Amino acid sequence: MSKPRNWWWSSVRAAIRQYPKLKAKKDEMQAMQVTKAVKSIRGKSGEPHDLYATPGGGGNSRTVERLALAELPPAEERILEAVRLAIEATEASRDGREHMMMLRGYYWGGLRMQEAADRAYIDLKTAQRWNGAFARRVARGLGYLHPEGRQ
């Protein structure tokens with residue numbers, strides 16, 4: 001008889017798998033803030049733009065302010081934060097290095113659970129237990145489960 005899955009299990013796995021793309025997207029947005037602000041000082045004609053022009057008042061926009069306010073949608077930001085916190089907590093655990101090696105291989109390296117376990121030199125049952133613990137950490141971060149210690 002198989003163990004029933006929790007309703008949130010597939011959502012959490014999908015969220016974990018999105019992490020590298022969301023992190024790259026956020027890093028790109030933050031890097032873009034500086035680059036675009038510097039590029040916006042001079043236009044194509046070589047004349048300086050007024051960075052403090054009012055929106056819609058002439059062709060110059062408030063590039064710096066617009067870029068400073070640009071961020072991921074709230075749902076993606078919540079996923080990014082939940083997975084980041086789960087990674088930090090996992091890395092701080094006793095077997096954090098092996099744990100993360102297995103999880104990186106499984107979620108982001110395209111390996112099956114057995115292959116990821118073999119690369120981290122752990123047993124399949126241990127890998128499954130670690131994967132469940134990590135998924136529950138992310139689920140708590142997303143608000144799907146009660147915080148640890150509460151029922």
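Visitor: Which residues in α3 meet α6, and which ones in α6 do they meet?

Guide: This is a predicted model, by the way. In it, α3 brings Ala 82, Val 83, Ala 86, Ile 87, Ala 89 and Thr 90. On the α6 side you'll find Phe 134, Arg 137, Val 138 and Gly 141.

Visitor: How many nonpolar, polar and charged residues does the contact of α3 with α6 have?

Guide: Seven are nonpolar, two are polar and one is charged.

Visitor: Where do α3 and α6 sit in the sequence, and at what angle do they pack?

Guide: Helix α3 covers residues 74-91 and helix α6 covers residues 124-141. They pack at an angle of about 135°, and their axes are 8 Å apart.

Visitor: What do you call that arrangement of α3 and α6?

Guide: Oblique: angles over 145 degrees would count as roughly antiparallel, and this one is about 135°, so α3 and α6 are oblique to each other.

Visitor: Is the crossing of α3 and α6 left-handed or right-handed?

Guide: Right-handed.

Visitor: OK, zooming out. How many helices and strands are there in the protein?

Guide: Six helices and zero strands. Going along the sequence, the pattern reads α-α-α-α-α-α.

Visitor: What share of the residues is buried?

Guide: Buried residues account for 30% of the 151 in the protein.

Visitor: And what does the protein expose?

Guide: About 10,300 Å², with 53% of that supplied by carbon and sulfur atoms.

Visitor: Last one: what share of the contacts between residues at least 6 apart in sequence join residues at least 24 apart?

Guide: That comes to 58%.

Conventions:
Residues are numbered from 1 along each chain as its sequence is written. This is a predicted model: local features need pLDDT of at least 70, side-chain atom pairs count only at pLDDT 80 or more; totals for chains, interfaces and linings use all residues. Side-chain values use heavy atoms; hydrogens and water are left out. Axes are lines fitted to C-alpha atoms, for helices over the stretch in contact, and angles run from 0 to 180 degrees between N-to-C directions. Helices (H or I, at least four residues) and strands (E, at least two) are DSSP runs, numbered from the N terminus. Angles under 35 degrees count as roughly parallel, over 145 as roughly antiparallel, 65 to 115 as roughly perpendicular and the rest as oblique. A crossing is left-handed if the near helix is turned anticlockwise from the far one by less than a right angle, and right-handed if clockwise. Contact means heavy atoms within 4.5 Å. Ala, Val, Leu, Ile, Met, Phe, Trp, Tyr, Cys and Pro count as nonpolar, Asp, Glu, Lys and Arg as charged, and the others, Gly among them, as polar. Buried means under 20% relative accessible area, exposed over 50%, partly exposed in between (1.4 Å probe, protein chains only). Accessible areas come from the Shrake-Rupley method with a 1.4 Å probe; for residues, only the protein chains shown count as cover.
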